[in-house]
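User: Please take a close look at one residue in this structure and describe its surroundings. I am new to the structure, so set out the background as well.

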Amino acid sequence: MTQRVHWVVLLLCFGLMCHLVTGIFMDKLANNKLCADDNCVYTISLARAEEDYNAPDCRFINIKKGQLIYVYSKLVKEKDSGEFWAGSVYGEQYEDHMGTVGYFPCSLVSEQHVYQEANKTVPTTVQIIKWVSLTQRK
């Protein structure tokens, strides 16, 4: 009897956990990106934000006008897609965001200094799965 109760409790817990969290596939931004190296770890350029940008989801970074951004890769534009670069913010006043790498529209920045050419075409990774609690959904 007690073993049966344990199984019932275990199955109930498992069933409840499955409904609390679900995965959502996000659209892939591009199939390829341009980098300075095969792993896209070397800085391509330093850019300055010309406008503020609020990130729409976890793949992107917030940028503020005047902020400096290290650029690590440039997505290869595809049909009906925007042009995005990947980078991280730079500067003492942005210390809490330094090291966070994300995408931003290249149309909102101007390159200040090119360190090396982005001449390596690298495939982007598989789609990112964003985990969302059902309690956060609207």
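The residue to examine is S88: where is S88 found, and what does S88 touch?

Analyst: This is a predicted model, in which local features need pLDDT of at least 70 and side-chain atom pairs count only at pLDDT 80 or more, while totals for chains, interfaces and linings use all residues. Residues are numbered from 1 along each chain as its sequence is written, and side-chain values use heavy atoms, leaving out hydrogens and water.

The chain averages a pLDDT (the predictor's confidence in each residue, from 0 to 100) of 77, and 64% of the residues score at least 70. Over residues 126–138, pLDDT stays under 50.

The chain has 1 helix and 9 strands, taken as DSSP runs numbered from the N terminus (helices H or I, at least four residues; strands E, at least two). Along the sequence they follow the pattern α-β-β-β-β-β-β-β-β-β.

S88 is found in strand β5, which covers residues 84–90. S88 counts as buried because its relative accessibility is 4%; buried means under 20% relative accessible area, exposed over 50%, and partly exposed in between (1.4 Å probe, protein chains only). Of the 138 residues in the chain, 35% are buried.

Leaving aside residues up to four places away in sequence, S88 touches I61, L68, I69, Y70, Y72, G99, T100 and V101, where contact means heavy atoms within 4.5 Å. With Y72 there is also a side-chain polar contact of 3.4 Å. A polar contact is a pair of N or O atoms within 3.5 Å; within protein, one must be able to donate a hydrogen and the other to accept it, and residues adjacent in sequence count only if both atoms are side-chain atoms.
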